[in-house]
Amino acid sequence: MIRKARATFPLLAMLTLMTLVCACSTKTTPEPAMTTPPPAAVATTDLSQQPEALGVGSQPVQSGPVADHQAVAGLERIHFAYNQFTLDEPARVTLEQNAVFLRNNPTLKVAIEGHCDERGSDEFNLALGERRAVAARNYLVSLGIAADRMSIISYGEEQPLVAASNEEAWAKNRRAEFKAVR
């Protein structure tokens with residue numbers, strides 16, 4: 001019995017060591033976590049902090065460059081905090097002004113473009129850009145703008161407004177833009 005234990009112990013020790021070496025050899029870089037407020041902190045009437053508004057999520061998210069989007073003088077961009085898609089007070093004020101412009105131009109259809117800064121993976125930034133565009137669209141819907149007048153597209157980090165790698169540039173690149181659809 002002792003002889004079997006002596007023969008088994010080195011084998012078990014080697015297997016344990018090999019398992020630890022294999023488990024530790026894969027180094028992963030964690031993706032930045034997308035933080036959202038806890039569910040209790042989100043009011044049920046605040047559609048900007050929900051990923052989808054009721055009846056609005058049926059529109060597909062476009063991908064790739066879209067040549068038929070044009071900037072419109074009466075529609076202003078909004079900006080977001082790092083890794084956030086919730087609307088702060090200045091963004092809400094700008095969206096309310098955009099809603100007035102859209103009400104005064106009832107035939108105008110708008111593409112809402114979500115953008116990110118260069119930090120994070122391509123997949124993460126595309127998803128975050130989509131959430132930013134959806135938050136803006138949902139808030140405009142809550143202000144009475146018809147959902148069928150708005151489409152969303154995420155460019156992630158692919159179309160920076162400022163081509164620099166510092167906090168000032170990153171803050172300007174975290175945005176949603178509103179363009180007329182021809």
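Angles under 35 degrees between two axes count as roughly parallel, over 145 as roughly antiparallel, 65 to 115 as roughly perpendicular, and the rest as oblique. In this predicted model, the axes of helix 2 (residues 89-104) and helix 3 (residues 122-142) cross at roughly 60 degrees. Helix 2 and helix 3 are therefore oblique to each other. Their axes come within 10 Å, and the crossing in which helix 2 passes helix 3 is right-handed.

On the side of helix 2, the contact is made by Arg92, Leu95, Glu96, Asn98, Ala99 and Leu102. Helix 3 contributes Ala136, Tyr139 and Leu140. Sorted by class, this contact between helix 2 and helix 3 consists of 6 nonpolar residues, 1 polar residue and 2 charged residues.

These two helices belong to a protein chain with 4 helices and 5 strands. Followed along the sequence, the elements come in the pattern α-β-β-α-β-α-β-α-β. The protein chain has 182 residues, and 36% of them count as buried. Among contacts in the protein chain with a separation of 6 or more, 80% are accounted for by residues 24 or more positions apart. The area that the protein chain exposes is about 10,900 Å², and carbon and sulfur atoms supply 60% of it.

The loops can be taken in sequence order. Valine 72 sits in the loop between strand 1 (69-71) and strand 2 (78-79). Which residues does valine 72 contact, leaving aside its neighbours within four places in sequence? They are Phe101, Phe178 and Ala180. Phe101 falls within the span of helix 2, residues 89-104. Valine 72 also lies 9.5 Å from valine 110, C-alpha to C-alpha, with their positions 38 residues apart in sequence.

The loop between strand 2 and helix 2 holds asparagine 83. What is the sign of phi in asparagine 83, positive or negative? The value is positive, near 60 degrees, in a residue other than glycine. Most residues other than glycine have a negative phi. Is asparagine 83 buried or exposed? Buried means under 20% relative accessible area, and asparagine 83 counts as buried because its relative accessibility is 6%.

Further along, the loop between strand 4 (150-156) and helix 4 (167-173) includes alanine 164 and valine 162. The class of partly exposed residues lies between the buried limit of 20% and the exposed limit of 50%. Valine 162 has a relative accessible area of 28% and is therefore partly exposed. Alanine 164, with a relative accessible area of 25%, is partly exposed as well.

Not counting residues up to four places away in sequence, valine 162 touches Ala169, Lys172 and Asn173. The C-alpha atoms of valine 162 and asparagine 173 are 6.5 Å apart, and the two residues are 11 residues apart in sequence. With neighbours within four places in sequence left aside, alanine 164 is in contact with Glu118, Ala169 and Trp170. Ala169 thus appears in the contacts of valine 162 and in those of alanine 164. Alanine 164 is also 9.8 Å from aspartate 117, C-alpha to C-alpha, at a separation of 47 residues in sequence.

Definitions and conventions
Residues are numbered from 1 along each chain as its sequence is written. This is a predicted model: local features need pLDDT of at least 70, side-chain atom pairs count only at pLDDT 80 or more; totals for chains, interfaces and linings use all residues. Side-chain values use heavy atoms; hydrogens and water are left out. Axes are lines fitted to C-alpha atoms, for helices over the stretch in contact, and angles run from 0 to 180 degrees between N-to-C directions. A crossing is left-handed if the near helix is turned anticlockwise from the far one by less than a right angle, and right-handed if clockwise. Contact means heavy atoms within 4.5 Å. Ala, Val, Leu, Ile, Met, Phe, Trp, Tyr, Cys and Pro count as nonpolar, Asp, Glu, Lys and Arg as charged, and the others, Gly among them, as polar. Buried means under 20% relative accessible area, exposed over 50%, partly exposed in between (1.4 Å probe, protein chains only). Accessible areas come from the Shrake-Rupley method with a 1.4 Å probe; for residues, only the protein chains shown count as cover.
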